[in-house]
Amino acid sequence: MAENHRFSFEDNVKKGRITKKKSIAALILSLLFIALGVWRGEAIVVMEKATRICMECIGIG
């Protein structure tokens, strides 16, 4: 029987591949990029594109 070689997040944490500091750093970095996108007005652009695509899917746009 073949062994399952998939590792879960918990396995990686237990083996020291992902540390708490790395996780916190990644979280902070992602929040900074989200804030930068909102500050630049990218959230509005994304919402407009999503609305346009949705309208095209239902045949209105």
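User: How many disulfides does this chain have?

Analyst: The count comes to 0 disulfides. Start with the general idea. A disulfide is a covalent bond between the sulfur atoms of two cysteines. To count here, the two sulfur atoms must lie within 2.5 Å. Now take cysteine 54. Its nearest cysteine sulfur belongs to cysteine 57 and is 6.3 Å away. That is outside the cut-off, so cysteine 54 is in no disulfide. Cysteine 57 is in no disulfide either; its nearest cysteine sulfur is that of cysteine 54. Keep in mind that this is a predicted model.

User: Are these two cysteines buried, partly exposed or exposed?

Analyst: Use relative accessible area. Under 20% is buried, over 50% is exposed, and partly exposed lies in between. Cysteine 54 has 44%, so the residue counts as partly exposed. Cysteine 57 has 66%, so that residue is exposed.

User: What share of the chain counts as buried?

Analyst: Just 3% of the 61 residues. The accessible surface of the chain is about 5,900 Å². Carbon and sulfur atoms hold 67% of that surface.

User: How should I read the confidence values?

Analyst: Where pLDDT is low, the predicted coordinates should not be read in detail. For this chain the mean pLDDT is 82. A value of 70 or more is reached by 79% of the residues. Among the elements, H2 has the highest mean, 93. Helix H1, residues 9-14, has the lowest, 69.

User: Which elements make up the chain?

Analyst: There are 3 helices and 0 strands. Read from the N terminus, the order is α-α-α.

User: What span should helix H3 have, and what does the model show?

Analyst: Each residue adds 1.5 Å along a helix, and the expected span uses one less than the number of residues. Helix H3, residues 42-57, has 16 residues, so the span should be 22 Å. Its end C-alpha atoms are 23 Å apart, which agrees. Try H2 next. With 20 residues, H2 reaches 28 Å from first C-alpha to last, close to the 28 Å expected.

User: What follows these helices?

Analyst: Look for a glycine after each of the two. Glycine 41 follows H2 and has a positive phi, near 85°. Glycine 59 comes just after H3, and its phi is positive too, about 85°.

User: Which residues form the nonpolar patch on the surface?

Analyst: One general point helps here. An α-helix has 3.6 residues a turn, so residues three or four places apart point the same way. Here the patch consists of Ile24, Ile28, Leu29, Leu32, Phe33, Leu36 and Trp39. Together they have about 790 Å² of accessible area. Take one member as an example. Leucine 32 is found in helix H2, residues 20-39. Its relative accessible area is 55%, so leucine 32 is exposed.

User: Which side chains meet in a salt bridge?

Analyst: Side chains of opposite charge can pair when their charged atoms come close. The cut-off is 4 Å, from nitrogen to carboxyl oxygen. In this model the count is 1 salt bridge. Arginine 40 and glutamate 42 form the pair, at 3.6 Å from N to O. How accessible is each partner? Arginine 40 counts as exposed, at 56%. Glutamate 42 is partly exposed, at 34%.

Technical notes:
Residues numbered from 1 in each chain as written. Predicted model: local features only at pLDDT ≥ 70, side-chain atom pairs only at ≥ 80, totals over all residues. Heavy atoms only, no water. Helix = DSSP H or I, 4+ residues; strand = E, 2+ residues; numbered from the N terminus. Buried < 20%, exposed > 50% of the residue type's maximum accessible area, 1.4 Å probe, protein only. Areas by Shrake-Rupley, 256 points an atom, 1.4 Å probe, with all protein chains shown as cover. Patch = residues over 30% accessible without salt bridge, like charges linked within 9 Å, V, L, I, M, F, W, Y side chains within 5 Å. pLDDT = per-residue confidence, 0-100.
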